[in-house]
Amino acid sequence: MFSLTELGNRLKEAREEKNFSLEDLQTLTKIQKRYLVGIEEGNYAVMPGKFYVRAFIKQYCEAVDLDPDVIFEEYKNDIPTSHKEELPTQLSRVRTNKKQISSKGSKVLDLLPILLLTVFIIGGLVALWLFLQNRDSAGEPQSTNNSEETEFEQPEESKLKNEEVTSTNEENENEAKEEPAVVEDEVEPEPKETIPTSELLLKEKNGLSAVYELKSSEGFILDVSAIQNGETWVGIMNGKGNTFFSGLMKDGVTEQYDLSKETDIRLNIGRTLDTVIKVNGQILEFPFDPSEKVQQKITILFNPDVQ
């Protein structure tokens with residue numbers, strides 16, 4: 001059995017302060033429990049390599065709110081350094097997959113000239129067919145307009161009717177000239193200004209924590225969900241310490257809360273990569289890069305006085 005090192009003691013105390021078991025920490029960091037035990041006991045021989053020792057310790061620190069840079073500097077003599085190591089098996093597999101993909105791409109390029117030739121032949125046949133259709137249409141005799149009649153062929157009654165219609169049209173034109181119609185100018189309605197009713201502003205951020213201010217006349221509706229096939233730990237409470245939710249969420253589960261009567265809400269997100277937060281239907285961008293900050297703490301100050 002290995003005894004706890006100074007670094008292991010420091011990490012374990014921070015974990016117990018968070019009331020995290022090793023199983024909870026495994027869920028948050030996606031690091032196997034046996035590796036977490038190895039870190040606390042200083043048994044680095046169970047790790048896949050020295051590179052993973054530093055990477056796992058960094059994720060452990062972030063999950064329990066410790067600064068990894070400070071820990072690495074303080075315990076630099078206890079943590080093995082990684083220099084030149086063999087590539088992990090996973091990277092070798094990636095290279096093999098890339099070779100397979102490139103070979104498939106070369107086969108597609110080999111077929112490309114045949115496809116272009118086929119398209120060219122089809123296009124030529126279509127152009128020839130259109131040319132023949134236009135030539136046949138041009139060779140047909142045009143029909144003679146038999147509806148034209150000379151003036152002397154019209155019967156007397158038709159002439160009288162035409163004269164009456166012509167005189168009536170002339171009278172109408174004269175009246176229109178004497179009394180021009182007055183057209184009122186159309187007044188286009190002025191476009192109404194769209195006033196935003198909900199605005200979320202980032203006020204400050206430091207370490208793993210950030211503060212937002214929500215200005216809204218629509219209230220405060222909060223949606224928190226885990227992505228499909230994802231898993232995260234979420235804590236939601238107000239400034240008075242009243243808890244709305246605390247636990248694991250996974251596989252697309254969504255929790256919605258109407259917090260319009262609250263003045264401030266505090267969110268503790270265990271795994272930001274698998275978490276989606278919406279405020280009044282709008283997605284909240286995490287203040288820190290989720291790939292760098294696994295755990296993030298967000299405070300939202302609610303100001304309902306927006307007109």
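Here is a short walk through this predicted model, stop by stop, for you to follow in your viewer.

**Whole chain**

Start with the protein chain as a cartoon: you should find seven helices and ten strands. Colour by accessibility next, and 29% of the 307 residues come out as buried. If you like contact maps, take the contacts between residues at least 6 apart in sequence: 64% of them join residues at least 24 apart.

**Helix H2**

Now select residues 22–29, which make up helix H2. Which residues of H2 are buried? Show side chains for Leu22, Leu25, Thr27, Leu28 and Thr29 and you have them. To see what covers these buried residues, bring up helix H1 (6–17), H3 and H4, along with strand S4 (231–238) and strand S5 (243–250), which are among the covering elements. Before moving on, click on Lys30, just after H2: its phi is positive, at about 65°.

**Where H3 meets H4**

Two of the elements covering H2 deserve a stop of their own. Select residues 33–41 for helix H3 and residues 50–63 for helix H4. Their axes sit 11 Å apart and the helices pack at an angle of about 90°. An angle from 65 to 115 degrees counts as roughly perpendicular, so that is the label H3 and H4 get.

Zoom in on the contact. From H3, show Tyr35, Leu36, Ile39 and Glu40; from H4, show Phe56, Ile57 and Tyr60. Sorted by class, this contact has six nonpolar residues, one charged residue and no polar ones. As for the spacing you see along a helix, an α-helix has 3.6 residues a turn, so residues three or four places apart point the same way.

**The aromatic cluster**

Keep Tyr35 and Phe56 on screen and add Phe51 and Tyr52: these four form one aromatic cluster. How many aromatic pairs are there in total? The count comes to six. A good one to inspect is Phe51 with Tyr52, an edge-to-face pair with 5.6 Å centre to centre and 80° between the planes. Planes over 60 degrees apart count as edge-to-face, so this pair qualifies.

Are these two rings buried, exposed or something in between? Phe51 has a relative accessible area of 48%, so it counts as partly exposed. Tyr52 is also partly exposed, at 22%; the cut-off for buried is under 20%.

**Last stop: Arg54**

Finish by selecting Arg54 and Phe72. Arg54 lies over the face of the Phe72 ring, at 4.5 Å from the ring centre.

Key
Residues are numbered from 1 along each chain as its sequence is written. This is a predicted model: local features need pLDDT of at least 70, side-chain atom pairs count only at pLDDT 80 or more; totals for chains, interfaces and linings use all residues. Side-chain values use heavy atoms; hydrogens and water are left out. Rings of Phe, Tyr and Trp (its six-membered ring) pair if their centres lie within 6.5 Å; planes under 30 degrees apart count as stacked, over 60 as edge-to-face and the rest as tilted. Buried means under 20% relative accessible area, exposed over 50%, partly exposed in between (1.4 Å probe, protein chains only). A charge sits over a ring if NZ of Lys or CZ of Arg is within 6 Å of the ring centre and within 35 degrees of the ring normal. Axes are lines fitted to C-alpha atoms, for helices over the stretch in contact, and angles run from 0 to 180 degrees between N-to-C directions. Helices (H or I, at least four residues) and strands (E, at least two) are DSSP runs, numbered from the N terminus. Angles under 35 degrees count as roughly parallel, over 145 as roughly antiparallel, 65 to 115 as roughly perpendicular and the rest as oblique. Contact means heavy atoms within 4.5 Å. Ala, Val, Leu, Ile, Met, Phe, Trp, Tyr, Cys and Pro count as nonpolar, Asp, Glu, Lys and Arg as charged, and the others, Gly among them, as polar.
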